[in-house]
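The exercises below ask you to work through one protein model, step by step, with the sequence and the coordinates at hand. Try each task before reading the solution beneath it.

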Amino acid sequence: MSLMMTALVQASNAATVCGKNAAYVGNALAKPISCSDPSYINTGDTAWQLTAATFVGLMSLPGLAVLYAGLVPKRWAVNTMFMAFTGFSTVLVVWVLWGYKMGFGSPIGGGTANTYTYHYTGNFFANFFNNFVGHPETINAGHAQIGQAALPIGTAVPLQMPTTALAYFQFVFAGITPLLFLGSVLGRIKPIVWLIFVPAWCTFVYCVNAMLIWGGGYWAHEGALDYSGGYVIHLAAGVSGFVAAWVIGPRLARDRAKWVPHSLTMVSVGAGIVWLGWNGFNGGDPYFASTDAAAAVINTNAATAAALLTWVVWDMVLSKQRKPTFLGAINGMICGLVGITPAAGYVSGSAALWIGIIDSTVVWFAWTYLQPITLRKVDDASGVAYTHGIAGLMGGLMVGVFADPSMIVYASSGGSPVTTAGLLYGNPKQLLIQALAALTIIIWDGLVTFLLLKIIGFFTRGLRMTDEQLEAGDVGIHDEEAYPVDDGFTRVGEMASVGAGPSLKGAFAEAGLGSGGGNPAVVIADPAGGAMSREAGDLR
């Protein structure tokens, strides 16, 4: 800190001309860039990337932690929050040590760790598996952290931020994905299994998905479109969550029969954070503070609002109760957010509304008529396979229909702008590409999730907690509970009526602690053996 202050004092004479784009060597103006950064930095783009990443991080913590904790019975609230915080943490460690480069570096079969030399041929298997996953490398070295970020292989658009900004932005996407499918296995997965499974899943599933579709791998080369993670995140979460729920086994019978949210207030807080955090989720994905980023933000919110209202209408018209429900509205909200995610910056505002309506409708019917059937065999506790899996699949397919070439993702001053086109704009092939990319995610993620859990279960002597732990919930697993009972507080009126003789009752009356008017009194147990009293109305 003292060194920084010394430098500031030395540069104070020149500080009057140090505006947005100025840098110094010693106290001399060097070149027209920002005050402390190399020439490639654009401070606006970098600031927006870090801000957007923070929005997405807040979707996980506290967003999903609070949302899921409110959805479960209160005896599972602590365990749910524990799983969210630990899952997020394990992914970050994986990401900086090897995960980022596996998803966004140079493919293992395409050359060296830092050089891509592969040339596509007519051999599908060679093309696919040589561009399947990147070299596992750390990004912790100093030169790596301050170096310029690069978009995936084969992309000519130069980024104007450091690698660390892009790596952190991509981490929060990786970090939220296991938290999404946590909803499928709430109320029975062992903590040790979770702590092993999440980093393994991130390595062998998420990083592969990211490379194939975002990182310049095979499906990126073929032109698959996934703006912010309809496939890489939500379809993956739905598939893996469904398989995990099947392999781990069901909750207790009484929990399956009655799994009532203990706090809709917590659900509303978490859901609100998730919704508005999605502005960073989709708005940050162009990697620039651009017109397309702004379009993605408003399209995200429009689709979400349309999907929420669509679900509410279906509840009022076709559900058994014919009543609107808050949880139904939340389901609709999630369907809209997930459905627009793969399309946000590729489609017009009108298409965004249609995506929200269609996605919510499809998932509502699947949730209402298909889920009761699948629940008999697979205990997907929160229906993640529907609100994320099916919603993400539908959103990705609708990109192949609605992608609009008038939506300019990246402008160009000396060439053609980067745009996309779907079925409605003369490119039916895009829909086929979207379907095949989705099929790859479904097969790979389902298979690897199954194998990982079977291997982990062999070493951890099972994946599911014991029935005794499941009966006790948080207390049995963590020795903690979300709403502990304070045994030191006992109502004086109850004490007087249960075991107190006439003299004690008289003492209460003389002290003004009887059953007369005013607030009921409370005795607070004192460790020294005495007692303090306070009116119940004063307890905060």
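**Exercise 1. A salt bridge and its burial**

Is aspartate 379 buried or exposed? Then work out which side chain aspartate 379 meets in a salt bridge, and where in the chain the two partners lie.

*Solution.* Bear in mind throughout that this is a predicted model.

Step 1. Aspartate 379 has a relative accessibility of 2%, and because the cut-off for a buried residue is under 20%, aspartate 379 counts as buried.

Step 2. The side chain of aspartate 379 meets that of arginine 256 in a salt bridge, with 3.8 Å from N to O.

Step 3. Since aspartate 379 lies in the loop between H14 and helix H15 (384–402), while arginine 256 belongs to helix H10, the pair ties together parts of the chain that are 123 residues apart in sequence.

Step 4. The partner is covered to another degree: arginine 256, at 35% relative accessibility, counts as partly exposed.

**Exercise 2. The other salt bridges**

Find how many salt bridges the structure holds, and describe the pairs made by arginine 75 and by arginine 464.

*Solution.* Step 1. The structure holds five salt bridges. As a general background, side chains of opposite charge can pair when their charged atoms come close.

Step 2. Arginine 75 pairs with aspartate 255, and the closest N and O atoms of this pair are 2.6 Å apart. The bridge links distant parts of the chain, for arginine 75 sits in the loop between helix H2 (43–71) and helix H3 (77–104), whereas aspartate 255 is in helix H10 (residues 253–257), 180 residues apart.

Step 3. Arginine 75 is buried, with a relative accessible area of 18%, and aspartate 255 likewise counts as buried, at 1% relative accessibility.

Step 4. Arginine 464 forms a salt bridge with aspartate 467, where the closest N and O atoms are 3.1 Å apart. Here arginine 464 is partly exposed at 25% relative accessibility, and aspartate 467 is partly exposed at 41%.

Step 5. Salt bridges with shared partners join Arg251, Arg256 and Asp379 into one network.

**Exercise 3. The nonpolar core**

Which residues of the largest nonpolar core touch the most other members, and which helix gives the most to this core?

*Solution.* Step 1. The largest nonpolar core has 135 residues, and those that touch the most other members are Trp95, Phe173, Tyr206, Trp219, Ile233 and Tyr287.

Step 2. Helix H7 (residues 191–213) gives the most to this core, namely 14 residues.

Step 3. Take isoleucine 233 as an example: leaving out residues up to four places away in sequence, isoleucine 233 touches Phe173, Ile176, Thr177, Leu180, Tyr206, Trp214, Ser228 and Phe281.

Step 4. For the chain as a whole, buried residues make up 52% of the 540 residues.

**Exercise 4. A nonpolar patch on the surface**

Which residues make the nonpolar surface patch of about 520 Å², and which helix gives the most to the patch?

*Solution.* Step 1. The patch is made by Val313, Met316, Val317, Leu318, Phe365 and Tyr369.

Step 2. Helix H12 (291–318) and helix H14 (349–374) are the elements that give two or more residues to the patch, and H12 gives the most, with four residues.

Step 3. Tyrosine 369, which is found in helix H14, counts as partly exposed at 47% relative accessibility.

**Exercise 5. Two residues and their surroundings**

Where is serine 60 placed, where is tyrosine 118 found, and what does each of them contact?

*Solution.* Step 1. Serine 60 has its place in helix H2 and is buried, with a relative accessible area of 0%.

Step 2. Not counting residues up to four places away in sequence, serine 60 touches Ala65, Phe88, Gly175, Ile176 and Leu179.

Step 3. Tyrosine 118 is found in the loop between H3 and helix H4 (124–130), and at 16% relative accessibility tyrosine 118 counts as buried.

Step 4. With neighbours within four places in sequence left aside, tyrosine 118 is in contact with Gly109, Gly110, Ala126, Asn127, Asn130 and Asn131.

Terms used:
Residues are numbered from 1 along each chain as its sequence is written. This is a predicted model: local features need pLDDT of at least 70, side-chain atom pairs count only at pLDDT 80 or more; totals for chains, interfaces and linings use all residues. Side-chain values use heavy atoms; hydrogens and water are left out. Buried means under 20% relative accessible area, exposed over 50%, partly exposed in between (1.4 Å probe, protein chains only). A nonpolar core is a set of buried Ala, Val, Leu, Ile, Met, Phe, Trp, Tyr and Cys residues joined through side-chain atoms within 4.5 Å. Contact means heavy atoms within 4.5 Å. Patches are made of residues with over 30% relative accessible area and no salt bridge: like charges are joined within 9 Å, nonpolar side chains (Val, Leu, Ile, Met, Phe, Trp, Tyr) within 5 Å. Accessible areas come from the Shrake-Rupley method with a 1.4 Å probe; for residues, only the protein chains shown count as cover. A salt bridge is a side-chain nitrogen of Lys or Arg within 4 Å of a carboxyl oxygen of Asp or Glu.
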